Amino acid sequence: MEKFIVWEKKYLIGINEIDEQHEKLIDLINEFYWTFKQGRSREDINIFFKKTKDFIKIHLELEEYYFEKFNFEFKDEHKIQHDFFRNETKKLEEKFYSGEYTVSYEFMSLLRKWFLDHIQTSDRKYIECFKANGLM
Ligand SMILES: [Fe+2]
Ligand SMILES: [Fe+2]
């Protein structure tokens, strides 16, 4: 299966729960890409659009849950980045549900660019805080 995103060690941040979710998200994006590329039915693309979007929601909320719980110093600026991404996703979602299925590709590209950049820069900033609060 051709991959849209190839998982690399450099994406690991060293906190299991988070790494597992990041990896799962990359898997989902790859499956989504594959479904889209094969020219599968709208229903199938729909399912993956929703699956990916729902999982992103879970992931961002998990990080934010810990930000609050551990009173993470940079939680506000981190949440602003999450919100930016939520808004972009929402815009694409609206287009998608109005019948523009080609936005699936835009969505995947956004994910690849935003998400990979985000996990390698912003997410690294909470490692110390999360670890100091017992996550491993
Ligand atoms: Fe993350
Ligand atoms: Fe994040």
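Let's start where H3 and H4 meet: on the H3 side the residues are Gln-81, Phe-85, Glu-88, Leu-92, Lys-95 and Phe-96, and they meet Val-103, Ser-104, Glu-106, Phe-107, Leu-110, Trp-114 and His-118 in H4. Before I go on, please keep in mind that this is a predicted model. The axes of H3 and H4 come within 10 Å, with a crossing angle of roughly 170 degrees. The two helices are therefore roughly antiparallel to each other.

Let me stay with H3 for a moment. H3 is 23 residues long, and from first C-alpha to last it reaches 32 Å, close to the 33 Å expected at 1.5 Å a residue. Which residues of H3 are buried? They are His-78, Thr-89, Leu-92 and Phe-96. Two of those names, Leu-92 and Phe-96, you just heard in the list of residues meeting H4. The buried residues of H3 pack against H2 as well as H4. Just past the end of H3 comes Gly-99, with a positive phi of about 110 degrees.

Now to H2. This helix has 28 residues and spans 40 Å between its first and last C-alpha atoms, close to the 40 Å expected at 1.5 Å a residue. Its buried residues are Phe-48, Phe-49, Thr-52, Ile-56, Leu-60, Tyr-66 and Phe-67. If you like looking at spacing, here is a reminder: an α-helix has 3.6 residues a turn, so residues three or four places apart point the same way. And what do the buried residues of H2 pack against? The partners are H1, H3, H4 and helix H5, which covers 127-132.

Let's take the H1 partner. The axes of H1 and H2 come within 9 Å and cross at roughly 165 degrees. With that angle, H1 is roughly antiparallel to H2. The crossing itself is left-handed. From H1, the contact draws on Gln-21, Lys-24, Leu-25, Leu-28, Ile-29, Glu-31, Phe-32, Thr-35 and Phe-36. H2 answers with Asp-44, Ile-45, Phe-48, Lys-51, Thr-52, Phe-55, Ile-56, His-59 and Leu-62.

One more residue to point at on H1 is Ile-18. Is Ile-18 buried or exposed? It counts as buried, because it has 21 C-beta neighbours inside 10 Å and the cut-off for buried is 20 or more. Its C-alpha is 8.1 Å from that of His-59, although the two residues are 41 apart along the chain.

H1 also crosses H4. Those axes come within 10 Å and cross at roughly 160 degrees, which makes H1 roughly antiparallel to H4. This crossing is left-handed. His-22, Leu-25, Ile-29, Phe-32, Tyr-33 and Phe-36 make the contact from H1, together with Ser-104, Tyr-105, Met-108, Leu-111, Phe-115 and Ile-119 from H4.

That brings me to the inside. The largest nonpolar core has 14 residues, and those touching the most other members are Ile-29, Phe-32, Tyr-33, Phe-49, Phe-107, Met-108 and Leu-111. Helices H1 (16-37), H2 (42-69), H3 (75-97) and H4 (103-120) each give two or more residues to this core. Another core lies apart from it, with 5 residues, among them Tyr-66, Phe-72, Tyr-126 and Phe-130. Back in the largest core, take Phe-49 as an example. What does Phe-49 contact, leaving aside neighbours within four places in sequence? Phe-96, Ser-104 and Phe-107.

Now a couple of places outside the helices. Asn-71 sits in the loop between H2 and H3. Most residues other than glycine have a negative phi. Asn-71 is not a glycine, yet its phi is positive, about 45 degrees. It is also exposed, as only 12 or fewer neighbours are allowed for that label and Asn-71 has 10 other C-beta atoms within 10 Å.

Finally, have a look at Met-136, in the segment after H5. Met-136 is exposed, with 8 other C-beta atoms within 10 Å. Where does it make contacts, not counting residues up to four places away in sequence? Met-136 touches Ile-15, Asn-16 and Lys-131. Its C-alpha is also 7.0 Å from that of Gly-14, with the two positions 122 residues apart in sequence numbering. Thanks, everyone, and do rotate the model while we chat.

Key. Residues are numbered from 1 along each chain as its sequence is written. Chains are lettered from A and ligands numbered from 1 in the order in which they are written. This is a predicted model: local features need pLDDT of at least 70, side-chain atom pairs count only at pLDDT 80 or more; totals for chains, interfaces and linings use all residues. A nonpolar core is a set of buried Ala, Val, Leu, Ile, Met, Phe, Trp, Tyr and Cys residues joined through C-beta atoms within 7 Å. Helices (H or I, at least four residues) and strands (E, at least two) are DSSP runs, numbered from the N terminus. Two residues are in contact if their C-beta atoms, placed from the backbone, lie within 7 Å. The expected span of a helix is 1.5 Å times one less than its number of residues. Axes are lines fitted to C-alpha atoms, for helices over the stretch in contact, and angles run from 0 to 180 degrees between N-to-C directions. Angles under 35 degrees count as roughly parallel, over 145 as roughly antiparallel, 65 to 115 as roughly perpendicular and the rest as oblique. A crossing is left-handed if the near helix is turned anticlockwise from the far one by less than a right angle, and right-handed if clockwise.
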